[in-house]
Amino acid sequence: MKLTLERRLAPSKAASSTGMIVAIVLAFCMGGVVFLFAGADPFDAYAVMAQGAFGSLYNLSEVVVKAIPLMLCGLAVAIPSRILIWNIGAEGQLVLGGIGSAGIALFVSSHLPGLFVLPLMLGAGFLAGGLWALLAGLLRARLEVNEILTSLMLNYVAIFWLEHLYFGPWRDPMGMGFPGTAMFPEAAALPRLPGTRIHLGILLAVIAAAGLCLALRGTRWGYEVRVIGENPKAARYAGMDVARHILWAMFLSGGLAGMAGMAEAAGIHYRLQQGLAVGHGYTGIIVAWLARLHPAGVVIVALFIGSLLVGGDQLQTVMKLPSAVGLVLEGTLLFFVLGSDFFARYRISWRRER
């Protein structure tokens, strides 16, 4: 008998669904092993995490706050990935979105009617993030430069630029030496749900996800994106402009990440300061792939990851364990989900040797 792998004609939906459930169970089992090595009872630790994420209305609201940038960054990663373009630069695009929106809040808002400030900040954040991503997209579409490397390196450029601004020319002269810009005016602050830190960014993220769902299923653009993702050579043979789709996908991707930066700056910090670039763009990669690049799935997975992060913070407070346990669960979950995708595409069988 010989063990063989056979590629399925089409991915098995049953194997995919079952694999997702198994992946979640295995990830939590692996997390339990981590707790045991840390000297903690896994059941107690998970109970503390659940209490920290869902034990009160405030805790639940913090899960949503954590999930907002993850939703937008997850969408930013998912869209170009559907045409086999890997945007690893959502972190830098988020930063550029924060810079663009902060520029409007700090230097333009005083000359505008209050009603126009937030829409202009949103547009500036989207444009700044989109153009930043378009740099990598142009290099990929026109010169065949690997977008993984260029988008990743642009992250560091964006973060250094951010630090230069709030340490230097945009530093608040009344800030008593602390790095950071001046506080945004009231008209430049995203409204919050009373009693929580949940801001209008949640509505932007949900609308973006719903719009992308409709566009991918009901428009010519969505049809061509699906075709290019399945077979770029066939798409070119059919006359589809793959290079143009790469440019638009990267611009849209960067714009969504830029919206996340705008939402964080105008909804949480109310200024540019340390804490804007904390890894949401990188976590968005995990969110997108756990959601299997589906916009609606990104919203659900982002809330799940947000609960792990908030629960991890509670774990650190109550049991004195590292909050990074939440990150360990993220990584193991992604590992097992990718493994389940393998079994959805391939069938293992035994064959008799002749």
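Here are a few notes on the structure above, which is a predicted model.

1. Let's start with the overall build. The protein chain is made of 13 helices and two strands. Its radius of gyration is 22 Å, close to the 20 Å that the globule rule gives for 354 residues, so the chain is as compact as a globular protein of that length. If you put a box around the C-alpha atoms along the principal axes, you'd need roughly 80 × 60 × 35 Å.

2. Next, inside versus outside. Of the 354 residues in the protein chain, 51% count as buried. The accessible surface adds up to about 17,600 Å², and 68% of that belongs to carbon and sulfur atoms.

3. How do the contacts spread along the sequence? Take the contacts between residues at least 6 apart in sequence: 77% of them join residues at least 24 apart.

4. A quick word on charge. The protein chain carries 25 positive and 18 negative side chains. The centres of these two sets lie 11 Å apart.

5. Now zoom in on N155, which you'll find in helix 6 (residues 147–167). Is N155 buried or exposed? Its relative accessibility is 0%, and buried means under 20%, so N155 counts as buried. What does its side chain reach? It gets to the backbone oxygen of I88, at 3.0 Å. Leaving out residues up to four places away in sequence, N155 touches I88, G89, A90, E91, G92 and Y282.

6. Two residues deserve a look for their backbone angles. As background, most residues other than glycine have a negative phi. L84 isn't a glycine, yet its phi is positive, near 65°. You can spot L84 in the loop between helix 3 (57–81) and helix 4 (90–107). L84 is partly exposed, with a relative accessible area of 34%.

7. The other one is E144. Its phi is also positive, about 60°, although E144 is not a glycine. Where does E144 sit? Look in the loop between helix 5 (114–143) and helix 6. Is E144 buried or exposed? At 57% relative accessibility, E144 counts as exposed, because the cut-off for that label is over 50%.

8. If you want a short tour in the viewer, try this order. Begin with N155, buried in helix 6, and follow its side chain to the backbone oxygen of I88. Then go to L84 in the loop between helix 3 and helix 4, and finish at E144, in the loop between helix 5 and helix 6.

Conventions: Residues are numbered from 1 along each chain as its sequence is written. This is a predicted model: local features need pLDDT of at least 70, side-chain atom pairs count only at pLDDT 80 or more; totals for chains, interfaces and linings use all residues. Side-chain values use heavy atoms; hydrogens and water are left out. Helices (H or I, at least four residues) and strands (E, at least two) are DSSP runs, numbered from the N terminus. The radius of gyration is taken over C-alpha atoms; the globule rule is 2.2 Å times the number of residues to the power 0.38. Buried means under 20% relative accessible area, exposed over 50%, partly exposed in between (1.4 Å probe, protein chains only). Contact means heavy atoms within 4.5 Å. Accessible areas come from the Shrake-Rupley method with a 1.4 Å probe; for residues, only the protein chains shown count as cover. Lys and Arg count as positive and Asp and Glu as negative; His and the chain ends are not counted. The place of a charge is taken as NZ of Lys, CZ of Arg, CG of Asp or CD of Glu. A polar contact is a pair of N or O atoms within 3.5 Å; within protein, one must be able to donate a hydrogen and the other to accept it, and residues adjacent in sequence count only if both atoms are side-chain atoms.
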